[in-house]
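Trainee: I am meeting this protein today and would love a guided tour. Where shall we begin?

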Amino acid sequence: MAPKKGELTEEEKELVQVISKGNVQDAAQLLGSKEVRVNCLDEHGMTPLMHSAYKGKEDMCKLLLQHGADVNCNEHEHGYTALMFACLSGNKDIVWMMLEAGADTDAVNSVGRTAAQMAAFVGQHDCVTVINNFFPREKLDYYTKPQGLSKEPKLPVKLAGPLHKIITTTNLHPVKIIFLIQENPLLLDQEALKKCSTVLDLICEKCMKQKDMNEVLAMKMHYISCILQKCTTFLHEGEDKLDPLIKSLLKGRDSDCFPVFQEKFIRESIRKFPFCEATLLQQLVRSIAPVEIGSDPTAFSVLTQAITGQVGFVTAEFCTTCGEKGADKRCSVCKLVMYCDQNCQKLHWFTHKKVCKTLKDKREKTRAGSCQREEKAGKVVGERGERHRVNLGR
Ligand SMILES: [Zn+2]
Ligand SMILES: [Zn+2]
């Protein structure tokens with residue numbers, strides 16, 4: 001029989017308290033008792049798992065799931081699920097854990113909001129990103145089994161792992177995606193990439209045609225598929241290098257070092273989305289089309305915002321080469337561009353060296369000016385493209 005709201009045994013009451021304190025050992029002991037039901041409900045309809053998720057207690061959540069906690073219990077008085085509580089706590093690892101445990105992302109609370117919408121509402125954008133980019137491995141593994149009359153699966157088993165890593169990335173920078181491809185020798189092969197790209201196209205189609213359509217995921221799959229296709233054209237026989245492609249993507253134009261090819265490539269990939277009636281596609285095109293190449297917002301920032309739900313990252317620094325968050329290595333000369341590491345800096349130098357000195361001079365001139373002037377000039381210092389690659393959210 002399903003537990004009734006507010007009918008907690010003494011041990012269950014104790015469990016709720018232990019959860020608040022975060023004592024995993026005590027919780028484990030209590031969960032071993034016959035008097036404790038893992039899905040018991042307090043007077044508000046909250047389960048122990050909801051309590052742990054809300055309090056941001058990761059180990060506790062894990063323990064409760066191991067003991068069979070129901071991740072989709074929906075008895076809460078306002079219809080909140082454990083996933084929603086995880087979003088409110090802002091702990092993205094717990095959000096991920098709930099998703100892996102099978103949390104329903106479409107469930108809505110009593111005012112019709114999904115977990116992702118609630119997270120966005122309270123400003124937990126990292127949690128929105130996690131939800132929007134979650135794609136269970138089983139859904140990909142489906143393609144590693146032969147379907148219908150075909151004897152061959154669409155995706156060789158050995159490619160499922162590396163491909164899954166790529167499709168769950170939250171950094172959509174084309175250079176980052178190429179890094180992920182380079183990471184695995186199995187993917188540095190024309191045939192392998194073609195298979196992966198075909199599977200992504202199939203997933204894209206499925207996302208658009210299923211009952212609860214997912215345009216965001218469809219767009220992401222399509223976009224990654226475009227990058228994989230581009231890579232196949234660079235992987236000629238006997239040549240397994242994607243570095244020339246990375247260079248084309250990073251090469252800045254002479255006037256301001258803005259990476260024109262990258263911008264055009266992303267714009268074109270978006271436009272090639274095969275479902276022209278999709279609302280998301282129309283939104284993206286409307287945001288990008290009027291923007292002159294080299295101005296803000298870039299196609300990359302518009303796409304990132306649409307897919308990850310991230311808006312206005314003011315505090316984080318992004319790698320100029322691969323768009324990775326949290327880059328903390330600065331160009332030692334101009335001090336205006338950031339990188340993850342030496343590798344990213346090296347890859348960018350062939351094009352950055354053309355403007356580095358100019359950037360440095362500008363920065364020093366700015367410094368020499370009065371305080372007030374410095375403040376004003378600080379906003380425009382640096383070449384447009386350079387600055388923008390760093391603060392992609394602006
Ligand atoms: Zn980087
Ligand atoms: Zn520099």
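Mentor: Let's begin with residues 319-356, a span that is 39% helix and 11% strand. Helices (H or I, at least four residues) and strands (E, at least two) are DSSP runs, numbered from the N terminus. The C-alpha atoms at the two ends of this span are separated by 16 Å.

Trainee: What kind of model are we looking at?
Mentor: Residues are numbered from 1 along each chain as its sequence is written, while chains are lettered from A and ligands numbered from 1 in the order in which they are written. Local features need pLDDT (the predictor's confidence in each residue, from 0 to 100) of at least 70, side-chain atom pairs count only at pLDDT 80 or more, and totals for chains, interfaces and linings use all residues, for what we have here is a predicted model.

Trainee: Which UniProt annotation covers residues 319-356?
Mentor: The name comes from an unreviewed entry. UniProt positions are given in the numbering used here, feature names are shortened, and annotations may be inferred rather than shown by experiment. With that caution, the record calls this stretch "domain: MYND-type".

Trainee: Which residues does Val-333 contact, leaving aside its neighbours within four places in sequence?
Mentor: Val-333 sits in the loop between β1 (329-330) and β2 (338-339). Its C-alpha atom is 8.8 Å from that of Leu-359, a residue 26 places away along the chain. Two residues are in contact if their C-beta atoms, placed from the backbone, lie within 7 Å. By that rule, the partners of Val-333 are Cys-356 and Lys-360.

Trainee: Why does Val-333 count as partly exposed?
Mentor: A residue is buried if 20 or more other C-beta atoms lie within 10 Å of its own, exposed if 12 or fewer, and partly exposed in between, with C-beta atoms placed from the backbone. Val-333 is partly exposed because its C-beta neighbours inside 10 Å number 14.

Trainee: What is notable about phi of Lys-335?
Mentor: Lys-335 also lies in the loop between β1 and β2. Having 13 C-beta neighbours inside 10 Å, it is partly exposed. Its phi, near 60°, is in a residue other than glycine a positive value.

Trainee: Is Cys-257 buried or exposed?
Mentor: Cys-257 belongs to the loop between α14 (243-250) and α15 (260-271). It has a positive phi too, near 65°, again in a residue other than glycine. Because 25 other C-beta atoms lie within 10 Å, Cys-257 is buried.

Trainee: Which peptide bond is cis, with omega near -5°?
Mentor: Look in the loop between α16 (279-288) and α17 (299-308), where Pro-297 is placed. The cis bond is the one from Asp-296 to Pro-297.

Trainee: Which helix gives the most to the largest nonpolar core?
Mentor: A nonpolar core is a set of buried Ala, Val, Leu, Ile, Met, Phe, Trp, Tyr and Cys residues joined through C-beta atoms within 7 Å. The largest here has 69 residues, and Ile-178, Met-221, Ile-224, Cys-231 and Leu-303 touch the most other members. With 10 residues, the biggest contribution comes from residues 215-234, helix α13.

Trainee: From which domains does this core draw at least three residues each?
Mentor: The domain bounds come from an automatic or database domain assignment. The core takes at least three residues from each of domain 2 (133-300) and domain 3 (312-394).

Trainee: How many residues are in the second, separate core?
Mentor: Val-18, Ile-19, Val-71 and Leu-99 are among its members. This separate core has a total of 43 residues.

Trainee: How far does helix α12 reach from its first C-alpha to its last?
Mentor: Helix α12 covers residues 190-209, 20 in number, and its buried residues include Leu-193, Val-199 and Ile-203. Those buried residues are covered by, among others, α10 (157-167) and α13. The expected span of a helix is 1.5 Å times one less than its number of residues. For α12 that gives 28 Å, close to the modelled reach of 29 Å.

Trainee: Over which residues does pLDDT stay under 50?
Mentor: The protein averages a pLDDT of 89, and 90% of the residues score at least 70. The model has 49 contacts beyond four places in sequence for the stretch under 50, residues 373-394.
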